[in-house]
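Student: Could you take me on a close look at how one pair of helices packs in this model? I would like to see how each step of the reasoning works.

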Amino acid sequence: MPLSPNLRGALFMIVAMVGFTLNDAITKFSSESMNMAQVMLVRGAFASLFVGLLAWKRGALAHPAAMLQPMVAMRVAGEAGATVSFLIALAHLPIGNVSAVMQALPLAVTMGAALVFGEGVGWRRWTAIAAGFVGVLIIVRPGFEGFSVYSLVALASVACCAVRDLSTKRIPEAIPTMLVSTATALAMTVLGALLLSPMGGWTPISGRATALLALAAVLVLIGYQFIIMAMRSGDISFIAPFRYTALLWSILLGLVIFGDVPDLPMIAGAAIIIGSGLYALYRERVVGRRQPAAESAGPDMAPDGI
């Protein structure tokens, strides 16, 4: 029997999360043989090529000067900070821990929308936001055994992603999405080139490593395609929670590829964050917001400036 629109959308969302998480795993694996600036440069070059060709085919590059629009520039700046901090954290922490911290992004976007744009957020959602960040503190565990400064770097990535997503909401509708994506990919490639020397310089790269980074770029594009298909298939309130399956895939890949076994604080903190995010999504549906936090946040709850 054919799947209902909601179940089809949920399946598409799960596939998208698999694509994004595999990209993260490949990136982390690549960081063992080269610095993160080189990863940004090589992967960004492939992404710029793929996204640029797609944007050109769709006619999105007709007005390239739109890349300099202030909100586009602010989005790119937020993406730059998010990408650098995310990749640094990913290189030094278990992939599951980084993914767990990134699950707080929709809550951060909700908080930012209230503080910056004055959007109405009731006490229930403020409580959910507070609970979510308590979950983050449990994962980060500042002052306790197992604390890593790179957990704070992952949290900085959340803040930068929130700036990116809030800026995205203010980009004029006349500017094509593919143009913004092309600008982001190009900027991240240039940033990787600029950071290459400070981060240790160029390391000879094998054909296998190059192919893996090209695959990572393709996986992100596949993820975006499936997330668009998911959002167009059914009810967002039903489909959006399946974004949290990214954490399950991250834990699984971390265990299988890197031998990372999640500890109790990480599991407890992640459960609190996800529970808070789901409740905030529920409240947003109740009060009838047109764009819930889970929709306004980045598709993979992580930097997309590959």
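**A close look at one helix pair**

Tutor: Happily! In this predicted model, helix α1 covers residues 5-30 and helix α9 covers residues 207-231, and the two pack with their axes 8 Å apart, at an angle of about 160°. Now for what that angle tells us. Angles over 145 degrees count as roughly antiparallel, and therefore α1 and α9 are roughly antiparallel to each other. The way they pass has a hand, too: the crossing of α1 with α9 is left-handed. And what sort of residues make up this contact? There are 21 nonpolar residues where α1 meets α9, along with five polar ones and one charged.

For practice, try the reasoning on another pair. Helix α3 (residues 70-92) and helix α8 (residues 177-196) have axes that come within 10 Å and cross at roughly 45°. An angle under 35 degrees would count as roughly parallel, and 65 to 115 as roughly perpendicular. The α3 and α8 pair is therefore oblique. Here, α3 passes α8 in a right-handed crossing.

Finally, let us turn to the surface. A nonpolar patch is formed there by F29, W249, L252, L255, V256, I257 and V261, which together have about 640 Å² of accessible area. Helix α11, residues 245-258, gives the most to this patch, with five residues. One residue to find in your view is L252, a patch member that lies in helix α11.

Technical notes: Residues are numbered from 1 along each chain as its sequence is written. This is a predicted model: local features need pLDDT of at least 70, side-chain atom pairs count only at pLDDT 80 or more; totals for chains, interfaces and linings use all residues. Side-chain values use heavy atoms; hydrogens and water are left out. Axes are lines fitted to C-alpha atoms, for helices over the stretch in contact, and angles run from 0 to 180 degrees between N-to-C directions. Helices (H or I, at least four residues) and strands (E, at least two) are DSSP runs, numbered from the N terminus. A crossing is left-handed if the near helix is turned anticlockwise from the far one by less than a right angle, and right-handed if clockwise. Ala, Val, Leu, Ile, Met, Phe, Trp, Tyr, Cys and Pro count as nonpolar, Asp, Glu, Lys and Arg as charged, and the others, Gly among them, as polar. Patches are made of residues with over 30% relative accessible area and no salt bridge: like charges are joined within 9 Å, nonpolar side chains (Val, Leu, Ile, Met, Phe, Trp, Tyr) within 5 Å. Accessible areas come from the Shrake-Rupley method with a 1.4 Å probe; for residues, only the protein chains shown count as cover. A salt bridge is a side-chain nitrogen of Lys or Arg within 4 Å of a carboxyl oxygen of Asp or Glu.
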